[in-house]
Amino acid sequence: VTAGGPKLDDALIDLPIGKQPGTGGEKMHVADGSDGGAEGQVAKSRFRVIDRAGDRAAFVEMQPMTGRTHQLRVHAAATGT
C-alpha cells in the first residue's frame with residue numbers, strides 16, 4: 001500500500017542502485033551518476049497498480065527483476081510509487 005499513487009498503472013523501472021556516499025552504512029539510492037557520484041548496479045523492478053483509493057492511496061504489486069539491497073523501496077521512492 002502506498003500513500004498517493006503512481007501516475008501509471010504498470011511499468012518497468014530500470015534505475016541503477018548503489019550505496020549513498022558518506023552515510024557510513026547501507027543507505028541505498030538511485031545511483032545513475034547524474035549527481036557526480038559513481039553509477040550503481042543494474043536494478044530492474046516491475047510494478048502494477050491493483051486498486052486505487054482516489055489520489056490518497058494505492059495497492060501496488062512490485063516484482064524485483066534483479067536482487068539489489070532495498071531495491072523495491074528505492075525504486076518506489078524514486079518514481080513516486
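**Figure 1. Arg48 and Glu61 form a salt bridge between two strands.** Arg48 is partly exposed, with a relative accessible area of 42%. This is a predicted model. The partner of Arg48 is Glu61, and the closest N and O atoms are 2.6 Å apart. Arg48 belongs to strand 5 and Glu61 to strand 6 (residues 57–64), so the salt bridge ties together parts that are 13 residues apart in sequence. Glu61 is partly exposed too, at 39% relative accessible area.

**Figure 2. Arg52 and Asp9 form a salt bridge.** A search of the whole structure finds two salt bridges. In this one, the closest N and O atoms of Arg52 and Asp9 are 2.9 Å apart. Arg52 sits in strand 5, while Asp9 sits in the loop between strand 1 (2–3) and strand 2 (10–14), so the pair ties together parts that are 43 residues apart in sequence. Is Arg52 buried, partly exposed or exposed? Arg52 has 34% relative accessibility and counts as partly exposed. Asp9, at 47%, also counts as partly exposed.

**Figure 3. Four strands form an open sheet.** The strand order is 1-6-5-2, and the pairing is antiparallel. Which strands stand at the edges? Strand 1 and strand 2 do. Each has a single partner strand, so one side of each is left without a neighbour in the sheet. At one edge, two bridges join strand 1 to strand 6. Here Thr2 of strand 1 stands opposite Ala58 in strand 6. At the other edge, strand 2 pairs with strand 5 over five bridges. Ala11 stands opposite Phe47 in strand 5.

**Figure 4. Strand 5 and strand 6 form a hairpin.** How many bridges pair these two strands? Strand 5 and strand 6 pair over eight bridges, in the antiparallel sense. Ala53 stands opposite Ala57 in strand 6. Three residues lie between the two strands. In the turn, Gly54 has a positive phi of about 60°.

**Figure 5. Six residues make up the largest nonpolar core.** In soluble globular proteins, nonpolar side chains tend to be buried together. Here the core holds Ala11, Ile13, Phe47, Val49, Ala58 and Val60. Strand 2, strand 5 and strand 6 are the elements that give two or more residues to the core. Which residues does Val60 touch, leaving out those up to four places away in sequence? Val60 touches Thr2, Pro6, Phe47, Arg48, Val49 and Thr81. Phe47 and Val49 are core members as well.

**Figure 6. Helix 1 lies across three strands.** Helix 1 spans residues 71–79. The strands it lies across are strand 2, strand 5 and strand 6. Helix 1 runs at about 130° to strand 6.

**Figure 7. Ala38 is an exposed loop residue.** Ala38 is found in the loop between strand 4 (28–30) and strand 5 (44–53). The relative accessible area of Ala38 is 64%. That value is over the 50% cut-off, so Ala38 counts as exposed. Which residues does Ala38 contact, apart from neighbours within four places in sequence? Ala38 is in contact with Ala31 and Gly33. Gly18 is 20 residues from Ala38 in sequence. In space, Ala38 and Gly18 are 8.2 Å apart, C-alpha to C-alpha.

Definitions and conventions. Residues are numbered from 1 along each chain as its sequence is written. This is a predicted model: local features need pLDDT of at least 70, side-chain atom pairs count only at pLDDT 80 or more; totals for chains, interfaces and linings use all residues. Side-chain values use heavy atoms; hydrogens and water are left out. Buried means under 20% relative accessible area, exposed over 50%, partly exposed in between (1.4 Å probe, protein chains only). Contact means heavy atoms within 4.5 Å. A salt bridge is a side-chain nitrogen of Lys or Arg within 4 Å of a carboxyl oxygen of Asp or Glu. Two strands pair if DSSP finds at least two bridges between them. Axes are lines fitted to C-alpha atoms, for helices over the stretch in contact, and angles run from 0 to 180 degrees between N-to-C directions. A nonpolar core is a set of buried Ala, Val, Leu, Ile, Met, Phe, Trp, Tyr and Cys residues joined through side-chain atoms within 4.5 Å.
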